[in-house]
Amino acid sequence: MLGIGSDHGGYALKQAIKKHLEARGIEYKDYGTYSEASCDYPDYGRAVALAVASGECGRGILICGTGIGISIAANKVPGIRAAVCGDCFSAEATRAHNDANILALGARVVGEGLALKIVDTFLDTPFSNDERHIRRIQKIEG
(Lines give C-alpha, C1' and ligand atoms only; values in the text may rest on other atoms or scores of the structure.)
Protein backbone atom coordinates (compact mmCIF):
# COMPACT_ATOMS: atom_id res chain seq x y z
CA MET A 1 0.00 0.00 0.00
CA LEU A 2 1.21 3.47 -0.90
CA GLY A 3 0.40 6.51 1.22
CA ILE A 4 -0.29 9.77 -0.58
CA GLY A 5 -0.91 13.26 0.74
CA SER A 6 -0.78 16.89 -0.21
CA ASP A 7 -1.64 20.37 0.87
CA HIS A 8 -3.91 22.65 -1.16
CA GLY A 9 -1.07 23.58 -3.52
CA GLY A 10 -0.50 19.94 -4.41
CA TYR A 11 -4.12 18.82 -4.48
CA ALA A 12 -4.63 18.91 -8.27
CA LEU A 13 -1.38 17.03 -8.95
CA LYS A 14 -2.27 14.50 -6.25
CA GLN A 15 -5.55 13.81 -8.06
CA ALA A 16 -3.66 13.18 -11.31
CA ILE A 17 -1.19 10.88 -9.53
CA LYS A 18 -4.03 8.92 -7.91
CA LYS A 19 -5.60 8.37 -11.34
CA HIS A 20 -2.20 7.23 -12.65
CA LEU A 21 -1.75 4.83 -9.72
CA GLU A 22 -5.19 3.36 -10.35
CA ALA A 23 -4.31 2.82 -14.03
CA ARG A 24 -1.21 0.94 -12.88
CA GLY A 25 -3.19 -1.13 -10.38
CA ILE A 26 -1.31 0.30 -7.40
CA GLU A 27 -3.27 0.48 -4.14
CA TYR A 28 -2.98 3.69 -2.16
CA LYS A 29 -4.46 5.44 0.84
CA ASP A 30 -5.13 9.17 0.58
CA TYR A 31 -4.24 10.99 3.81
CA GLY A 32 -5.60 14.36 2.60
CA THR A 33 -6.11 17.12 1.95
CA TYR A 34 -9.37 16.57 0.14
CA SER A 35 -9.85 19.98 -1.50
CA GLU A 36 -8.01 23.09 -2.64
CA ALA A 37 -9.00 24.98 0.52
CA SER A 38 -5.98 26.49 2.28
CA CYS A 39 -4.41 24.11 4.79
CA ASP A 40 -1.08 23.33 6.47
CA TYR A 41 1.33 20.95 4.70
CA PRO A 42 2.95 19.63 7.93
CA ASP A 43 -0.31 17.89 8.86
CA TYR A 44 -0.33 15.79 5.69
CA GLY A 45 3.42 15.25 5.56
CA ARG A 46 3.34 13.87 9.09
CA ALA A 47 0.28 11.68 8.43
CA VAL A 48 1.90 9.94 5.47
CA ALA A 49 5.26 9.71 7.24
CA LEU A 50 3.69 8.06 10.30
CA ALA A 51 1.91 5.56 8.04
CA VAL A 52 5.18 4.67 6.29
CA ALA A 53 7.20 4.54 9.53
CA SER A 54 4.61 2.25 11.17
CA GLY A 55 4.54 -0.11 8.18
CA GLU A 56 0.90 0.65 7.38
CA CYS A 57 2.21 1.86 4.01
CA GLY A 58 5.35 0.63 2.30
CA ARG A 59 6.18 3.99 0.72
CA GLY A 60 4.64 7.39 0.26
CA ILE A 61 4.20 10.32 -2.07
CA LEU A 62 3.78 13.88 -0.82
CA ILE A 63 2.99 17.00 -2.82
CA CYS A 64 3.02 20.68 -1.93
CA GLY A 65 3.93 23.78 -3.92
CA THR A 66 7.66 23.09 -3.98
CA GLY A 67 7.90 19.70 -2.26
CA ILE A 68 10.32 21.21 0.22
CA GLY A 69 8.12 22.06 3.19
CA ILE A 70 6.19 18.80 3.14
CA SER A 71 9.43 16.79 2.87
CA ILE A 72 10.92 18.64 5.85
CA ALA A 73 7.82 17.80 7.87
CA ALA A 74 7.96 14.14 6.84
CA ASN A 75 11.67 13.85 7.63
CA LYS A 76 10.98 14.76 11.27
CA VAL A 77 9.46 11.30 11.73
CA PRO A 78 12.12 8.70 12.69
CA GLY A 79 12.78 6.17 9.94
CA ILE A 80 11.63 8.42 7.14
CA ARG A 81 13.85 9.30 4.21
CA ALA A 82 11.79 11.71 2.12
CA ALA A 83 13.41 13.14 -0.99
CA VAL A 84 12.26 16.04 -3.14
CA CYS A 85 12.70 15.09 -6.79
CA GLY A 86 12.24 17.26 -9.84
CA ASP A 87 13.70 14.82 -12.35
CA CYS A 88 13.82 11.10 -13.03
CA PHE A 89 17.55 10.76 -12.38
CA SER A 90 17.13 12.03 -8.82
CA ALA A 91 14.15 9.73 -8.24
CA GLU A 92 16.16 6.73 -9.43
CA ALA A 93 19.24 7.68 -7.43
CA THR A 94 17.39 8.32 -4.19
CA ARG A 95 15.74 4.90 -4.36
CA ALA A 96 18.90 3.03 -5.41
CA HIS A 97 21.31 4.84 -3.07
CA ASN A 98 19.25 6.24 -0.18
CA ASP A 99 16.39 3.73 -0.07
CA ALA A 100 14.11 6.78 0.12
CA ASN A 101 10.68 5.73 1.33
CA ILE A 102 8.81 8.94 0.49
CA LEU A 103 8.86 10.91 -2.75
CA ALA A 104 8.10 14.62 -2.44
CA LEU A 105 7.03 16.63 -5.46
CA GLY A 106 6.54 20.33 -6.08
CA ALA A 107 3.30 20.93 -7.97
CA ARG A 108 4.50 24.43 -8.88
CA VAL A 109 7.88 23.09 -10.00
CA VAL A 110 7.13 20.09 -12.22
CA GLY A 111 4.34 19.63 -14.69
CA GLU A 112 1.96 16.71 -14.56
CA GLY A 113 3.64 14.71 -17.33
CA LEU A 114 7.07 14.87 -15.73
CA ALA A 115 5.61 14.25 -12.27
CA LEU A 116 4.05 10.99 -13.44
CA LYS A 117 7.37 9.87 -14.94
CA ILE A 118 9.12 10.71 -11.66
CA VAL A 119 6.49 8.72 -9.73
CA ASP A 120 7.00 5.72 -12.02
CA THR A 121 10.76 5.91 -11.65
CA PHE A 122 10.51 6.16 -7.86
CA LEU A 123 8.10 3.23 -7.63
CA ASP A 124 9.93 1.00 -10.11
CA THR A 125 13.51 1.48 -8.84
CA PRO A 126 14.67 -0.97 -6.18
CA PHE A 127 17.22 -0.22 -3.47
CA SER A 128 20.67 -1.39 -4.57
CA ASN A 129 21.49 -3.20 -1.28
CA ASP A 130 25.07 -2.09 -1.88
CA GLU A 131 27.14 -2.27 1.32
CA ARG A 132 28.34 1.33 1.06
CA HIS A 133 24.79 2.64 0.68
CA ILE A 134 23.59 0.53 3.61
CA ARG A 135 26.43 1.96 5.73
CA ARG A 136 25.47 5.51 4.79
CA ILE A 137 21.79 4.94 5.55
CA GLN A 138 22.74 3.55 8.96
CA LYS A 139 24.67 6.78 9.62
CA ILE A 140 21.62 8.85 8.64
CA GLU A 141 19.42 6.79 10.95
CA GLY A 142 21.89 7.41 13.78
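Just after helix α6, Gly142 takes a positive phi of about 80°, in what is a predicted model. At the other end of this helix, which spans residues 131-141, Asp130 caps the N-terminal end. The points below turn to the nonpolar cores and then to a patch on the surface.

**Helix α6**
- The cap at the N-terminal end of α6 rests on a side-chain oxygen of Asp130, which lies 2.8 Å from the backbone nitrogen of Arg132.

**Nonpolar cores**
- In soluble globular proteins, nonpolar side chains tend to be buried together.
- The largest nonpolar core holds 20 residues, and among these Ile17, Ile61, Leu103, Leu105 and Val119 touch the most other members.
- Two or more residues of this core come from each of the strands β1 (2-6), β3 (59-64) and β5 (102-106) and from each of the helices α1 (11-24) and α5 (112-124), with α5 giving the most, namely six residues.
- Leaving aside residues up to four places away in sequence, Leu103 touches Gly60, Ile61 and Leu62, as well as Ala83, Cys85, Ile118, Val119 and Phe122.
- A second core, separate from the one just described, has 15 residues, including Leu62, Ile70, Ile80 and Ala82.

**Nonpolar surface patch**
- Ile68, Ile72 and Val84 make a nonpolar patch of about 260 Å² on the surface.
- Of these residues, Ile68 lies in helix α3, which covers residues 68-74, and Ile68 counts as partly exposed because its relative accessibility is 48%, between the limits of 20% for buried and 50% for exposed.

Definitions and conventions: Residues numbered from 1 in each chain as written. Predicted model: local features only at pLDDT ≥ 70, side-chain atom pairs only at ≥ 80, totals over all residues. Heavy atoms only, no water. Patch = residues over 30% accessible without salt bridge, like charges linked within 9 Å, V, L, I, M, F, W, Y side chains within 5 Å. Areas by Shrake-Rupley, 256 points an atom, 1.4 Å probe, with all protein chains shown as cover. Salt bridge = Lys/Arg side-chain N within 4 Å of Asp/Glu carboxyl O. Helix = DSSP H or I, 4+ residues; strand = E, 2+ residues; numbered from the N terminus. Buried < 20%, exposed > 50% of the residue type's maximum accessible area, 1.4 Å probe, protein only. Core = buried A, V, L, I, M, F, W, Y, C linked by side-chain atoms within 4.5 Å. Contact = heavy atoms within 4.5 Å. Polar contact = N/O pair within 3.5 Å; in protein donor to acceptor, adjacent residues only side chain to side chain.
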